[in-house]
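Grab a coffee and open the viewer. Below are a few short exercises, each with a solution to follow step by step.

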Amino acid sequence: MKRSASEHYRQRLLDLLFPPRCAGCGASGHLLCPACLAQIRRLQQPRCPSCALPFDGQICRSCCQPPHPQRALHAFQAVAAYREPLRTCIHQFKYRGAIRLAEPLGLLLAETYRTCNLRSEILVAVPLHTDRERQRGYNHAALLARVCARTLGLPLCEQSLERQRPTTAQAGLQPAERRQNVAGAFRCRPDPTDVSLRGRTVLLIDDVCTTGATLEACALALLAGGAATVGALVLAQPI
C-alpha cells in the first residue's frame, strides 16, 4: 500500500507543473489548505460509542430511549459534522473525480481513529456495486481506507465484502426506506488472496453516515462471514 519513490517524484513534478487547488476554497498550492482544514471542527470528546454524538456518561440519552434495536455495529465514530468545507470536499472527491483528496481525508480518519482510541485488527471499505464503480471509475470508500490503513499500519481487506445487488441512492429516502433499500445487499465471501476476517475485530470505512442503514447492512454481512465484532468510522455525519 506504500507509494513507490517513482510515483512520489512523478506526483511532485505534476504538482510543480499543475499546482493543486484547495477543494474547499480554491486556493492554489493545496488539495485541502490549512485554513479550510482548520475549519473542519472535529466532534468534541467524549462521544457516544453508539451514535458518535457528544455526551456525558456511559451512553447518550438518545441511544437509551426505547425502543432500543439490536445493532450489528459494535461502535461508531465520525470525524466531523457534515458541514462546509468538509461537505464540498466530500462532494468533489466522491462525484467530481478529485481522487487525490483521498490523502488528506484519509489522514483525518486516521487522526480520529487515534483520538477516539478505536481498536481494530482489519479495515474494510464499504463496497460499491460493480456497475456503479465501473461508471464512477473508483470506489471512494476504498481510496479512503487505503490511506487510513497505510497511516495506521493496519491490514486492509479489499475483496471479502461485496455489494451483490445494485441499490437506489440513499439520498432522499426516509430511514425505513433506507434500511429496506440495503437489506441483504451485501455479502461476505471467503477469498484466499485476502486477509481472513474470521474472529477478527473489523472497522468499516465510509465517507458519510446519515441513518447508519448501509453500515448496519455491511456489519451484518461481515458478522455472518465470521467477524467477531464490527465498528465503523466515517468522515462526516449530519448533526
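**Exercise 1. Work out whether Asn117 is buried or exposed, and say what its backbone does.**

Start with the area: Asn117 has a relative accessible area of 52%, so it counts as exposed (over 50%; buried is under 20%, partly exposed lies in between, all with a 1.4 Å probe and protein chains only). Next, place it: Asn117 sits in the loop between α5 and β2. Helices here are DSSP runs of H or I with at least four residues, strands are E runs of at least two, and both are numbered from the N terminus. Last, the backbone: Asn117 shows a positive phi of about 55° although it isn't a glycine.

A quick word on the ground rules. This is a predicted model, where local features need pLDDT of at least 70 and side-chain atom pairs count only at pLDDT 80 or more, while totals for chains, interfaces and linings use all residues. Residues are numbered from 1 along each chain as its sequence is written, and side-chain values use heavy atoms, leaving out hydrogens and water.

**Exercise 2. Find which residues of α8 are buried and what covers them.**

Step one: in α8 (residues 175–182), the buried ones are Arg178, Asn181 and Val182. Step two: looking down the axis of α8, they fall within an arc of 80°, so they line one face of the helix (the arc is taken from the directions from the helix axis to the C-beta atoms). Why does such spacing work? An α-helix has 3.6 residues a turn, so residues three or four places apart point the same way. Step three: the face turned away from the buried side carries exposed Arg179 and Gln180. Step four: the cover over the buried residues includes β5 (186–188) and α9 (213–224), where contact means heavy atoms within 4.5 Å.

**Exercise 3. Describe the surroundings of His140.**

First, find His140 in helix α7 (residues 140–152). With 4% relative accessibility, His140 is buried. Its side chain makes a polar contact with the side chain of Arg136 at 3.0 Å (N or O atoms within 3.5 Å; within protein, one must be able to donate a hydrogen and the other to accept it, and residues adjacent in sequence count only if both atoms are side-chain atoms). Then look further along the chain: skipping residues up to four places away in sequence, His140 touches Phe93, Lys94, Leu128, Asp206 and Asp207.

**Exercise 4. Find the cis peptide bond that leads into Pro85.**

Go to the loop between β1 and α4, where Pro85 is found. The bond from Glu84 to Pro85 is the cis one, its omega near 0°.
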